Amino acid sequence: MLIYIDGQFLPREQAKISVFDHGLLYGDGAFEGIRAYNGKVFRLMEHVDRLFDSAKTIDLTPPLSKEEMAKVIIETLRKNNLKNGYIRPILTRGVGDLGLDPRKCEKATVICIAVEWGAMYGDLYEKGLVGVSVSVRRNDASALPPNVKSLNYLNNILAKIEANYKGGDEAIMFDTNGYLSEGSGDNIFAVKNGIIVTPHSLNNLRGITRAVVLEIAQSMGITVKEQNMGYFDLYTADEVFVTGTAAEVAPITIIDGRNIGTGKPGPVTRQFIAAFKTITETEGTPIY
């Protein structure tokens with residue numbers, strides 16, 4: 001495995017950053033998760049745009065352009081002879097001192113990792129995931145906006161830890177107002193009477209896969225409503241599914257011990273799983 005760090009491709013054992021990098025010291029940076037399917041990178045520029053938007057929000061200046069970042073991602077896949085995989089581009093604040101002040105960091109660090117990646121949830125796409133609501137609240141948009149995909153992921157990790165203790169496959173997070181937010185690493189949709197409902201994207205990440213699902217729904221003539229949601233909307237839904245680059249489209253069939261709908265992946269969810277698979281097989285930026 002070769003990993004890109006600041007212009008060099010290094011073997012995994014040699015791919016290291018300074019202990020004074022503020023990405024390590026303070027989680028000061030941003031990242032993306034991107035997928036490659038059949039020799040093509042899916043929604044490459046959308047991910048690069050979001051990475052740069054995250055960087056802009058935290059006032060981090062990338063040392064390369066969007067086009068150069070895209071080339072780094074493609075070249076990392078090539079160097080590792082990958083046609084299918086998961087790519088993790090990272091921007092950190094860079095090397096500074098032990099103080100908080102980001103002005104002490106002269107130049108951002110750029111890292112890109114690409115690995116082989118299969119179905120994240122294995123056979124649970126057929127069976128369905130167990131979701132559990134957690135007490136950890138999603139970061140408030142006025143503090144650290146969930147739309148910033150930052151290296152400070154402790155909010156998500158604490159939710160995942162709680163879900164693990166409760167025996168869930170995925171955490172279901174609410175915001176500080178008690179509204180449904182997202183999973184520890186994916187967006188949430190509910191289906192009720194043929195209509196899809198999902199939270200507004202202020203209190204959750206504006207997912208690339210989420211956007212694809214909205215496109216699919218429009219092409220199928222399925223109504224989607226973005227609105228505030230609570231426990232009631234999940235427990236009484238006919239179907240619930242989550243979306244994310246790593247997770248793709250995955251059904252949740254049990255939440256807090258309650259069967260969702262029939263307790264099995266529903267027809268709408270299955271439609272979206274199939275449609276998403278078709279799109280990823282046909283779209284993308286060629287690697288080779």
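**View A. Aspartate 101 and arginine 103 join their side chains in a salt bridge, with N and O 2.8 Å apart.** A salt bridge here is a side-chain nitrogen of Lys or Arg within 4 Å of a carboxyl oxygen of Asp or Glu. Aspartate 101 is partly exposed at 25% relative accessible area, while arginine 103 is exposed at 72%. Those words follow fixed cut-offs: buried is under 20% relative accessible area, exposed is over 50%, and partly exposed is in between (1.4 Å probe, protein chains only). Please keep in mind that this is a predicted model, in which local features need pLDDT of at least 70 and side-chain atom pairs count only at pLDDT 80 or more, while totals for chains, interfaces and linings use all residues. Residues are numbered from 1 along each chain as its sequence is written, and side-chain values use heavy atoms, with hydrogens and water left out.

**View B. Arginine 50 reaches glutamate 32 through a salt bridge whose closest N and O atoms are 2.7 Å apart.** Arginine 50 belongs to helix 2 (residues 44–57) and glutamate 32 to the loop between strand 3 (29–31) and strand 4, so this pair ties together parts that lie 18 residues apart in sequence. Helices (H or I, at least four residues) and strands (E, at least two) are DSSP runs, numbered from the N terminus. Both partners are worth a look for their surroundings: arginine 50 is buried at 11% relative accessibility, and glutamate 32 is buried at 0%. The count of salt bridges in the model comes to 14.

**View C. Arginine 43 and glutamate 283 form a salt bridge, 3.2 Å from N to O.** Arginine 43 sits in the loop between strand 5 (40–41) and helix 2, and glutamate 283 in the loop between helix 8 and strand 17 (285–286), so the contact ties together parts that are 240 residues apart in sequence. Arginine 43 is buried at 11% relative accessibility, whereas glutamate 283 is partly exposed at 32%. Shared salt-bridge partners link Arg43, Glu215 and Glu283 into one network.

**View D. The largest nonpolar core brings together 26 residues.** Such a core is a set of buried Ala, Val, Leu, Ile, Met, Phe, Trp, Tyr and Cys residues joined through side-chain atoms within 4.5 Å. Leu44, Met69, Ile73, Leu77 and Ile87 have the most contacts inside this core. Strand 4, helix 2, helix 3 (66–79), strand 6 and strand 7 (109–115) each give two or more residues, and helix 3 gives the most, with six. Another core, of 20 residues, lies apart from the largest one and includes Leu124, Ala190, Met229 and Ala250. In soluble globular proteins, nonpolar side chains tend to be buried together.

**View E. The largest pocket has a volume of about 620 Å³.** On a 1 Å grid over the protein atoms alone, a pocket is an open set of points where a 1.4 Å probe fits, with protein on both sides within 12 Å along at least five of seven lines; lining residues have an atom within 4 Å of a point. Grid points are joined across faces, edges and corners, and the volume is the space filled by probe spheres set on the points. Of the 33 lining residues, Tyr86, Lys149, Tyr153, Ser184 and Gly185 lie nearest the centre. Strand 6 (85–92), helix 5 (154–165), strand 10 (180–183), helix 6 (208–220) and strand 14 (239–244) each supply at least two residues of this lining. By residue class, the lining holds 12 nonpolar, 12 polar and nine charged residues. Ala, Val, Leu, Ile, Met, Phe, Trp, Tyr, Cys and Pro count as nonpolar, Asp, Glu, Lys and Arg as charged, and the others, Gly among them, as polar.

**View F. The second largest pocket encloses about 320 Å³.** Arg35, Tyr37, Glu248, Lys277 and Thr280 lie nearest its centre, out of 18 lining residues. Two or more residues come from each of strand 4 (34–37), helix 4 (124–127), strand 15 (248–255) and helix 8 (267–282). Helix 8 contributes the largest share of this lining, five residues. Glutamate 248, in strand 15, has a positive phi of about 60 degrees although it is not a glycine. Glutamate 248 is also buried, at 16% relative accessibility.
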